[in-house]
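Work through the exercises below with the sequence and the model side by side, and attempt each task before reading its solution.

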Amino acid sequence: MKIGIVCYPTFGGSGVVATELGIALAEKGHEIHFITYKQPVRLELLSHHIHFHEVSVPQYPLFQYQPYELALSSKLVTVVKEFKLDLLHVHYAIPHAYAGYMAKKMLEEEGIRIPMVTTLHGTDITLVGNHPFYKPAVTFSINKSDAVTSVSQSLKDDTLRLFDIKQEIDVVPNFIDIEKHSLTYTDCQRAMMANEQERIVTHVSNLRPVKRIQDVIEVFDRIQKKIPSKLIMVGEGPEKEPAERLVTEKGIAEKVLFLGNSDEVNKILSFSDLFILPSEKESFGLAALEAMSSGVPVISSNTGGLPEVNEHGVSGYLHDIGDIEGMAAHAIHILGDDKTLHEFKQNAKKVAYRFETKNVVPLYEAVYEKALALSVSM
Ligand code: GMT
């Protein structure tokens, strides 16, 4: 199949899922065309099965806001025609589903029918998409998609509760290539982060308010009072500065490393002992799954799709949003002795195996077949 994938090319979870999906589909023999404004961060190699088409928006001084959707829909029309694509798969509803629908309609004028699959990832529904300024357009473009997927049952329920949706929604979870995440570290790499007696606690995100970064620091502060440990913060975002201030106020600055965005998350996870994800909202929690696949137990909030990923008492623990004391107590329990930590590490990896790439990618292929069959019958 020739598939056009539209996504955000940055470090966000939806872009990572879209990119890994494209790579996995190409490995299965599909021809993949990424169409976005920058080469996706996790897309290292282009090949005859993987192409990248850059969307550029000409800057014009009259426009206060440059019309990206317009440039994207025009680019989609050009790429679909030139490479004779069979299907468009757009990730994150805003504005991708809207631009995709416009492209579909323009192509129809030329007698070309192309189905569009929309994958809902999270904040496109629970935060941004739900804003009254966007809601009518988001509802419209979801309903006009030929097939819709959401990354968890929880996100599907949220979508049906918040929007007037006439379309069926298939749940296709995030997935992980466990082999790729099974890196081992050298003592020298770990030693750059912590000494042998210290446990390593990690958080990876785009450091937005929805991730409750202050809770990460508060939980770690309680951990380090009981157990020698270091906190590694990976990512860039608006909450970084307040977090840096908070660790200085608490006098734990030398125990917290802010690494910024990193291409080496797998390596960092391979020597981590615990992952903290206390988010306000989290439709799935790809970061938690990535940690678990590296054998890192997770302390998370019990919100959104997280209970579908993190198994309470097995791969880690789930707590009410903001329950810093509870999270810290369970973190200390996991990190307290080597035997308990070893058990949680093994269990985390076992649970992650449920979401292996080879189990999940066929679910997307089935959705593509369904969308294609539907568009032929129309
Ligand atoms: O908030 C993020 O982490 C980025 C965001 C995105 O769409 O780029 O992630 C969302 O999609 C991921 C991939 O499907 C999910 O694993 C994340 O849980 C989800 N984030 C939220 O719902 C906050």
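**Exercise 1.** Determine which residue in S10 stands opposite isoleucine 232, and place the pairing in its sheet.

*Solution.* Isoleucine 232 stands opposite leucine 257 in S10. Strand S9 (residues 229–234) pairs with S10 in the parallel sense over four bridges, where two strands pair if DSSP finds at least two bridges between them, and strands (E, at least two residues) and helices (H or I, at least four) are DSSP runs numbered from the N terminus. The model is predicted, so local features need pLDDT of at least 70 and side-chain atom pairs pLDDT 80 or more, whereas totals for chains, interfaces and linings use all residues. Residues are numbered from 1 along each chain as its sequence is written, and side-chain values use heavy atoms, without hydrogens and water. The open sheet has six strands in the order S10-S9-S8-S11-S12-S13, with parallel pairing. Strand S10 (256–260) and strand S13 (316–319) stand at the edges with a single partner strand each, so one side of each lacks a neighbour in the sheet.

**Exercise 2.** Trace the salt bridges of lysine 250 to glutamate 218 and aspartate 221.

*Solution.* A salt bridge places a side-chain nitrogen of Lys or Arg within 4 Å of a carboxyl oxygen of Asp or Glu. The N to O distance is 3.1 Å from lysine 250 to glutamate 218, and 3.3 Å from lysine 250 to aspartate 221. Lysine 250 lies in the loop between H9 and S10, and aspartate 221 in helix H8, 29 residues apart. Aspartate 221 is buried at 5% relative accessibility, buried meaning under 20% relative accessible area, exposed over 50% and partly exposed in between (1.4 Å probe, protein chains only); lysine 250, at 29%, is partly exposed.
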